Amino acid sequence: MLKSDEKLPLLKPVPTQRASEVIFEQIRDMILSGELKKGDRLPSERSMMTMLQRSRPTIREALRMLERAELIKTIPGSGGAIVQEPSSQSVEVPLETLLALNNTGNRELWEYRNLNEVAAAGWAAERRSEEDLVAMLGYIEASKHVNNMSEFFRLDRDFHEAIASAGKNRIAQLVDKVLHKIVILRLDEGYRKKNAKERKRMIEQVIESHMQLYEAIERQDVFDAQQKMREHIEMFFNDIE
């Protein structure tokens, strides 16, 4: 049910130069906590200007950020944006931004992957379906025939997302999806520093490592799948250093 301006939680004035980001975070937190629910209408731009003591361009920028995160839907002439049900995109965007802004170190990335992805490989070995195996093998085979590194890295990302999906843990799937955007950036940086011979070796090792992971998951060997993932992550760390 839509709420009138008077019934909405009061928004607080924002004493900062980065006001649009703080407004975005304030409203996002209200939505994620359930204080604002799907179908609720935000105050009009004019009302928000009064509540927040900020200009119309600042309010509009915050609303654009909320819409990009799929938390609201703006309907021109409707008198206020409509709150949407949070989706995975609502979490992915701020998490991806946070990782990028904090310039996550390579060793931090390696340490976290050793926890998250090793566990995900074990879950995949235990829970995978035939459809999961087909998807994983398809990405490996496709990676043998690509003509550019952008496509190769995309297939690398898809393979790891397929492992997370096979593990049937939605939190792992969400984190893996965001994390591998950072992983691909680091791999690309490392790749550009190598000569032609080293690049060829790097590609061949990634494909071979993926195949070993696939075979362990296919056998449903949890211990070996976890060990192969550890070795794969160690190889990644060596490639980007």
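This is a short tour of a predicted model, one selection at a time.

**Stop 1: helix 2**

Start by selecting helix 2 (45-52). Colour Met48, Met51 and Leu52, which are buried. Now look straight down the axis: these buried residues fall within an arc of 80 degrees, so they line one face of helix 2. Swing round to the face turned away from that buried side and you'll meet Arg46 and Thr50, both exposed. What do the buried residues of helix 2 pack against? Show helix 1 and helix 3, and you have both partners. Before moving on, click Gln53, just after helix 2, where phi is positive, at about 60 degrees.

**Stop 2: helix 3**

Next, select residues 56-68, which make up helix 3. Try a distance check here: at 1.5 Å a residue, its 13 residues should span 18 Å, and the end C-alpha atoms are indeed 18 Å apart, so the two agree. Which residues of helix 3 are buried? Pick out Thr58, Ile59, Ala62, Leu63, Met65 and Leu66. Looking down the axis again, you'll find the buried residues of helix 3 within an arc of 155 degrees, so they too line one face of the helix. Pro57 and Arg68 sit on the other side and are exposed. To see what the buried residues pack against, add helix 1 (19-33), helix 2 and strand 1 (72-73) to your view.

**Stop 3: two residues with an unusual phi**

As background, most residues other than glycine have a negative phi. Zoom in on Glu70, in the loop between helix 3 and strand 1. Its phi is positive, near 60 degrees. Is Glu70 buried, exposed or partly exposed? With a relative accessible area of 42%, Glu70 is partly exposed, because that label covers values between 20% and 50%.

Now jump to Gln220, in the loop between helix 9 and helix 10. Gln220 also has a positive phi, near 60 degrees. At 40% relative accessibility, Gln220 counts as partly exposed.

**Stop 4: helix 8 meets helix 9**

Select residues 170-192 for helix 8 and 196-218 for helix 9. Their axes come within 9 Å and cross at roughly 145 degrees. Show side chains for Leu187, Tyr191 and Arg192 of helix 8, plus Arg199, Met202 and Ile203 of helix 9, since these make the contact. By type, that contact has four nonpolar residues, two charged ones and no polar ones.

**Stop 5: the nonpolar cores**

Keep Leu187 on screen and add Met136, Phe153, Ile163, Ile217 and Met229: of the 36 residues in the largest nonpolar core, these six touch the most other members. Helices 5 (106-127), 6 (130-143), 7 (149-166), 8, 9 and 10 (222-240) each give two or more residues to this core. Which helix gives the largest share? Helix 9 does, with eight residues.

Centre the view on Ile163. Leaving aside neighbours within four places in sequence, Ile163 is in contact with Ala120, Ala121, Ala124, Met136, Leu213, Ile217 and Met229. There's also a second, separate core of 21 residues, including Leu11, Ile31, Met48 and Leu63. You've already visited two of those: Met48 is buried in helix 2, and Leu63 is buried in helix 3.

**Last stop: Asn116**

Finish in helix 5 with Asn116. At 12% relative accessibility, Asn116 counts as buried. Not counting residues up to four places away in sequence, Asn116 touches Ala172 and Val175.

How values were computed: Residues numbered from 1 in each chain as written. Predicted model: local features only at pLDDT ≥ 70, side-chain atom pairs only at ≥ 80, totals over all residues. Heavy atoms only, no water. Helix = DSSP H or I, 4+ residues; strand = E, 2+ residues; numbered from the N terminus. Expected span 1.5 Å × (residues − 1). Buried < 20%, exposed > 50% of the residue type's maximum accessible area, 1.4 Å probe, protein only. Arc of directions from axis to C-beta. Contact = heavy atoms within 4.5 Å. Axes fitted to C-alpha atoms, helices over the stretch in contact; angles between N-to-C directions. Nonpolar A, V, L, I, M, F, W, Y, C, P; charged D, E, K, R; others polar. Core = buried A, V, L, I, M, F, W, Y, C linked by side-chain atoms within 4.5 Å.
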